[in-house]
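Colleague: I should like to learn how to read a structure of this kind. Could we begin with one part and then turn to the whole?

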Amino acid sequence: MHGSDYLYPKLAITKQVPPPLLEIMLLKILGTAAGGGLPQWNCSCPNCQAVRQNRADISWLNQSSIAIQAPEGEWFLVNASPDVRQQLELLRGTKPYSIRDNPIAGVILTDAEIDHTTGLIILRESGQPLRVYGTAIIKKALTEGFPLLKTLEAYCGVEWSSLEVGSTVSLTPKLAVEIFALPAKAPKYMRSQAITGDWVIGLTFSDRTTSKVVTYAPGLAQLSDRLLKRFESSDCILVDGTFWENDDLLIQGISTRTARDMGHLPLAGEDGSLQSLSQLKRPRKILVHINNTNPIHIASSKERKMVEAAGVEVGCDGLTIEL
Ligand code: MLT
Ligand code: MN
Ligand code: ZN
């Protein structure tokens with residue numbers, strides 16, 4: 001057996017020739033599914049079963065995460081999912097490596113949810129402290145409620161960079177990120193403390209050389225006029241597509257909680273997000289953080305057709321967006 005076949009039995013990606021650096025901001029979807037992934041380990045909903053049966057109209061999807069590459073070449077991971085090990089393989093091959101090399105310059109967190117943060121623990125082998133960006137309340141959650149940061153102190157350690165709502169941070173000289181607040185709930189594991197703060201943020205990345213703008217909002221509880229303006233002034237938006245209808249989980253007998261109870265605006269209906277997204281003219285519109293139960297995962301479904309008719313795309317793992 002060839003050595004690389006042994007080490008990477010299923011990752012054809014390792015055999016690809018590295019693409020040349022384009023010197024523009026690049027975005028890659030690393031995981032399109034919401035927490036649990038598709039299929040989810042304990043789920044036998046029609047979608048999860050269809051993936052297990054290798055049906056042609058639905059694919060295996062990793063959990064919510066994207067990566068953004070600065071024009072200078074550094075990759076930033078945005079949200080660290082439990083699938084981060086496989087996901088980071090999608091970024092390798094863009095620069096020469098030393099024997100132990102970190103493919104990312106930092107991790108940016110949009111919230112402290114388990115599906116967006118657990119991957120930090122998988123990165124503990126790092127030779128240097130991990131650079132992690134997040135709000136003060138996200139740091140508090142990851143220190144007290146789900147103490148990943150404390151745990152990592154005994155491994156690689158973390159260098160925390162504080163993100164303030166309303167501010168713009170230069171990730172590199174050519175890549176900036178603006179932080180905006182989104183109305184949302186605290187993670188379940190922090191709710192007993194009843195503290196308020198910037199539990200969920202959205203991010204607007206801009207390439208200072210091309211002036212191209214991308215907005216990422218995987219957790220969206222409401223759509224305000226202000227937010228829609230932000231979307232309209234972006235070249236591309238990646239938006240919460242968790243649930244089709246408010247009662248998706250109730251109908252399937254999975255939960256008594258609605259989409260809105262969980263801090264996710266559903267897509268369908270007059271007050272759903274799809275209607276508003278369809279009105280936007282400038283941006284390329286892509287749905288991410290899509291729950292495994294959502295019928296839009298099935299390429300032939302009427303719900304997928306409605307999304308496409310609204311000029312909106314359903315994201316997929318590995319999708320690279322050049323602006
Ligand atoms: C969410 O997106 O609402 C959370 O990640 C749900 C969860 O705890 O899995
Ligand atoms: Mn989630
Ligand atoms: Zn399922």
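Modeller: Let us start with burial, bearing in mind that this is a predicted model. A residue counts as buried when its relative accessible area is under 20%. D115 has a relative accessible area of 12%, so D115 is buried. H289 also counts as buried, at 6% relative accessibility.

Colleague: Which ion do D115 and H289 coordinate?

Modeller: A metal site is read through its donor atoms. Here D115, through OD, and H289, through NE2, coordinate the manganese ion (ligand 2) at 2.1 to 2.2 Å. This pair links distant parts of the chain, with the two positions 174 residues apart: D115 belongs to helix α4 (residues 114–117), while H289 sits in the loop between β12 (284–288) and α11 (302–309).

Colleague: Which residues coordinate the zinc ion (ligand 3)?

Modeller: The SG atoms of C43, C45 and C48 do so, at 2.2 to 2.3 Å. Their spacing in sequence is C-x1-C-x2-C. Two of these residues may be read for burial as before: C43 is buried, with a relative accessible area of 10%, and C45 is buried at 6%.

Colleague: How many helices and strands are there in the chain?

Modeller: The chain has 11 helices and 14 strands. Its radius of gyration is 19 Å, close to the 20 Å that the globule rule gives for 323 residues, so the chain is as compact as a globular protein of that length.

Colleague: What percentage of the residues of the chain count as buried?

Modeller: Of the 323 residues, 51% count as buried. As for contacts between residues at least 6 apart in sequence, 69% join residues at least 24 apart.

Definitions and conventions: Residues are numbered from 1 along each chain as its sequence is written. Chains are lettered from A and ligands numbered from 1 in the order in which they are written. This is a predicted model: local features need pLDDT of at least 70, side-chain atom pairs count only at pLDDT 80 or more; totals for chains, interfaces and linings use all residues. Side-chain values use heavy atoms; hydrogens and water are left out. Donors are N, O and S atoms within 2.8 Å of the metal (3.2 Å for Na, K and Ca); water is not among the atoms, so sites may look incomplete. Helices (H or I, at least four residues) and strands (E, at least two) are DSSP runs, numbered from the N terminus. Buried means under 20% relative accessible area, exposed over 50%, partly exposed in between (1.4 Å probe, protein chains only). The radius of gyration is taken over C-alpha atoms; the globule rule is 2.2 Å times the number of residues to the power 0.38. Contact means heavy atoms within 4.5 Å.
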